[in-house]
Amino acid sequence: MILNYLAYGVAAWVFLWGLYGIVTSKNLVHQVVCLAILQTSTYVLLLAIGFKVGGTAPIFADIPVGAPVVDPLVQALMLTDVVVEGTVMALLLSMVVKANEVAGTVDPEELRIMMG
Amino acid sequence: MSGRTRTILFLISAAGLAAVFAWGLRNLPPMGDYRGPYGYVLTRVAVYERHATDTVNAINYDYRGFDTLGEEFILFASVLGVLLLFRPGGREDKSKKRVQLEDALPVSDTLRVGMQAMAATMIVFGVYIAVHGQLTPGGGFQGGVILATVPLVVYLSGNVKTFEAIVSNPLTTLAECGGAGGYGIIGLLALLGGAHFLTNFVPLGKTGDVFSSGTIAVISVTVGIEVAGGFLVLMQSYLREIIEERLQEGR
């Protein structure tokens, strides 16, 4: 019973810890890494939804069509994101570099310039 | 808001979020009991319709091709954003000299030769992964990332000048733009034949061949070029930023 929902729980667990890191962070670089952790929870969730007991990878190079496989759709959603996330993180980190240049600090608490 | 208040506020809302999440789980099927219709249908038709044995890539570059085009442009836009933020000449010193990057202290021969052999292997592996996406796990996104890590291996082997030469090559920008544009152009070419945007118009070939699955293989390669180019452009921008920083500090 517990095992049936374990993966969903892991997704929520990773998501919440990522969020906790973002909220309590004292360093913008650390905050960007927390965002990346938070995002990986979506991978766990998607893979858990697409999983099928007894299913193998949806590659029909060496198995006949019709063999039980896991859902390829959620995997397709994921794999583009893994790569795109890398460049988005590069963009965020470049913003951190510029923030440090302008404000002289990477502590979000001290970034008075960001306050409205 | 003080850090303490914020943490308390977060803990309360996180508890609420966790409760809503748990409530949302009630009617989900248990893990492993997959019921979605799309994955089931696609795994049965993709091989016959598109002659691609890797269903994931058949979805990515064909059935869901328009969506992947959007994803690719997120990548493109973030690279542009980094270029914009790190644009040269944004600072006051106009009279700066060209810095000469020095090769790092000589690393041990074992490391150097090992890294060089590894770089060569990785280039072959990256190209292999990018062009076999329609057959086996892999494809443009993965192959492109492998290719983009090759300069880092060169960097680790102590050849800083070679690293700079690779990432500063104008071809990287061309690869980034050409790859992104190529995807769109392949989609538009289908319109010329009177078909819909991104229709698979290239002959499908024999299932299991490298030259099979029509546009899936072609788009996979363009994506590989774009991803590799994009990451190289990123490395170049960061490298240039570091150099400018050092100049500012007068080192």
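**A helix pair, a chain contact and a core**

In chain A of this predicted model, the axes of helix α1 (residues 2–24) and α2 come within 8 Å and cross at roughly 165°, where helices are DSSP runs of H or I of at least four residues and axes are lines fitted to C-alpha atoms over the stretch in contact, with angles running from 0 to 180 degrees between N-to-C directions. Because angles over 145 degrees count as roughly antiparallel, α1(A) and α2(A) are described that way. Residues of α1(A), including A:V14 and A:L19, meet residues of α2(A), among them A:L38 and A:V44, a contact being C-beta atoms, placed from the backbone, within 7 Å.

Residues are numbered from 1 along each chain as its sequence is written, and chains are lettered from A, and ligands numbered from 1, in the order in which they are written. Local features need pLDDT of at least 70 and side-chain atom pairs count only at pLDDT 80 or more, whereas totals for chains, interfaces and linings use all residues.

Between the chains, 47 residues of chain B are in contact with 41 residues of chain A. One residue to look at is A:V65, which lies in the loop between α2 (28–50) and α3 (72–103) of chain A and touches A:F60, B:R44 and B:V47, not counting residues up to four places away in sequence. A:V65 is partly exposed, with 14 other C-beta atoms within 10 Å; 20 or more would make a residue buried, and 12 or fewer exposed.

Turning to chain B, B:A228 touches B:G144, B:L147, B:A148 and B:A175, again leaving out residues up to four places away in sequence.

How values were computed
Contact = placed C-beta atoms within 7 Å. Helix = DSSP H or I, 4+ residues; strand = E, 2+ residues; numbered from the N terminus. Parallel < 35°, antiparallel > 145°, perpendicular 65-115°, else oblique.
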